[in-house]
Amino acid sequence: WRAANTGARRGRGRPIETGAPARAGRAEIETAGPARASEGEIATSEAKAIKGDEATVTDEPNWVCEVGQAQRDLKGEDCFDTRRVTLSGEDVAVIMVADGHGGSAASRHCRKHLLDYYIAAAGDGSAASLLGAGATACQQVHEEVKRITNAGSTVTIIALNLTRGELAVVNLGDSEAWLVPPSGSSVRLSEDHRLDTSEPERARVRGMGGHLSHARNRAGDPAGPLRLWPGGVAQARSVGDADVGDYILARPYVRSLCVPTGGCDVVVASDGIWDALYSSAVASSLRSMRRQSASLAATAIIDRAINQRHAYDCHGYLQPRDDTTILVMRIRRSNSAADVAGGGASSGGGCGCVVS
């Protein structure tokens, strides 16, 4: 199965809650999944490999996953891609969101090439291999994009090994990923690289001599998010952005988690969602629609986000104020695995995760 579309953009503030529902596409796959932390919780920036027990490899997958997507275009700069592959005999599902800025060339290039490079670089389906492949693929695309355009793009990749019950996350920029368990706190899977909100990125850029300031409106007053000049980008990690120079870092944040025993939903979205809704509001929507398809859940969340951004201004009602893309992975135990699953907080079979 596979799906693709277009999109991208720069950066903004954060949300309030309110909403309603819209439209989407859908793909179904069998896959493996992860776990997630309380709102605002972020893991450390560079992930290190921690040797754990080897994951149990069986003839049948332990997990199944349905993927749903929804997208609303404004500038046509958001792109996404989905794949199902077999790596060393293990089934792996991969999804990717690329939110471009300065045009669609960078995000389109990600859609066309990034997952091909990612899959080719993965030696097997382990989390360690997938995280290393993500870093390699992002750097390769970064160099290619810089040669063809000044545009740039965020990247978030989620890979689910359905046999091992491992989730591998690779991200650059602010296209956030969250894991929503059936109950309890959600787990933030990605790291925010916006200059407005990331003190480590501000310190890194300033240490290199970069200039940070807000753009100015017609009255000469500061407006919008904090930006890096030259280039005027709002996040310090991305692919492309050739006009910004070496201040842009294409080394992604990476982490992995085991799938909770009770399954979970994983949501990846461009900032058109996260600028309008708190992660708690997204989690609430997913849980309230737990008996619905992933596609319907994605559609409901994207409509809620668009409605929220029009809560105090009905001009252009139901039209997005930014390109908005969301992918939802609904991860559950397969019937055969559920028969033998025991209790506990993480997946059965001993998941050998790489933890940040």
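Contacts between residues 24 or more positions apart make up 79% of the contacts in the chain with a separation of 6 or more. The model is a predicted one. The chain holds seven helices and 16 strands, and 60% of its 356 residues count as buried.

**Nonpolar cores**

- The largest nonpolar core has 30 residues, of which Cys110, Leu114, Tyr118, Leu130 and Ile157 touch the most other members.
- At least two residues of this core come from each of the helices α1 (105–121) and α2 (127–148). The strands β4 (78–87), β5 (90–101), β7 (155–161) and β8 (166–172) likewise each supply at least two.
- A second core, separate from this one, consists of 24 residues, among them Trp63, Val169, Ala177 and Val266.
- Leaving aside residues up to four places away in sequence, Leu114 touches Met96, His109, Ala137, Cys138, Val141, Val155 and Ile157.

**Packing of α1 against α2**

- Two packed helices are described by the angle between their axes and the distance between the axes.
- For α1 and α2, the axes come within 8 Å and cross at roughly 145 degrees.
- The crossing in which α1 passes α2 is right-handed.
- On the α1 side, the contact is made by Ala106, His109, Cys110, Leu114, Tyr117, Tyr118 and Ala121.
- On the α2 side, the contributors are Leu130, Ala133, Gly134, Thr136, Ala137, Cys138, Gln140, Val141, Glu144, Val145 and Ile148.
- By character, the residues of this contact are 13 nonpolar, four polar and one charged.
- Leu114 of α1 and Leu130 of α2 take part in this contact, and both are listed with the residues that touch the most other members of the largest nonpolar core.

**Strand β14 and its pairing with β8**

- Six of the six residues of β14 (residues 253–258) are buried, so this strand is largely enclosed by the rest of the structure.
- Burial applies to both faces of β14: one side carries Tyr253, Arg255 and Leu257, and the other carries Val254, Ser256 and Cys258.
- β14 pairs with β8 in the antiparallel sense, over six bridges.
- Opposite Cys258 in β14 stands Glu166.
- β8 is also one of the elements that supply at least two residues to the largest nonpolar core.

**Backbone features in loops**

- A cis peptide bond joins Trp229 to Pro230, with omega near 5 degrees. Pro230 lies in the loop between β12 (222–229) and β13 (239–240).
- Ser88 is not a glycine, yet has a positive phi of about 50 degrees. This residue is placed in the loop between β4 and β5. Ser88 counts as exposed because its relative accessibility is 56%, above the cut-off of 50%.
- Asp241, another residue other than glycine with a positive phi, has a value near 55 degrees. Asp241 is found in the loop between β13 and β14. With a relative accessible area of 2%, Asp241 is buried.

**Asn307 in helix α6**

- Asn307 is part of helix α6 (residues 294–309).
- The relative accessibility of Asn307 is 9%, so this residue counts as buried, the cut-off being under 20%.
- Asn307 and Ala276 are 31 residues apart along the chain, and their C-alpha atoms are separated by 8.8 Å.

Methods. Residues are numbered from 1 along each chain as its sequence is written. This is a predicted model: local features need pLDDT of at least 70, side-chain atom pairs count only at pLDDT 80 or more; totals for chains, interfaces and linings use all residues. Side-chain values use heavy atoms; hydrogens and water are left out. A nonpolar core is a set of buried Ala, Val, Leu, Ile, Met, Phe, Trp, Tyr and Cys residues joined through side-chain atoms within 4.5 Å. Buried means under 20% relative accessible area, exposed over 50%, partly exposed in between (1.4 Å probe, protein chains only). Helices (H or I, at least four residues) and strands (E, at least two) are DSSP runs, numbered from the N terminus. Contact means heavy atoms within 4.5 Å. Axes are lines fitted to C-alpha atoms, for helices over the stretch in contact, and angles run from 0 to 180 degrees between N-to-C directions. A crossing is left-handed if the near helix is turned anticlockwise from the far one by less than a right angle, and right-handed if clockwise. Ala, Val, Leu, Ile, Met, Phe, Trp, Tyr, Cys and Pro count as nonpolar, Asp, Glu, Lys and Arg as charged, and the others, Gly among them, as polar. Two strands pair if DSSP finds at least two bridges between them.
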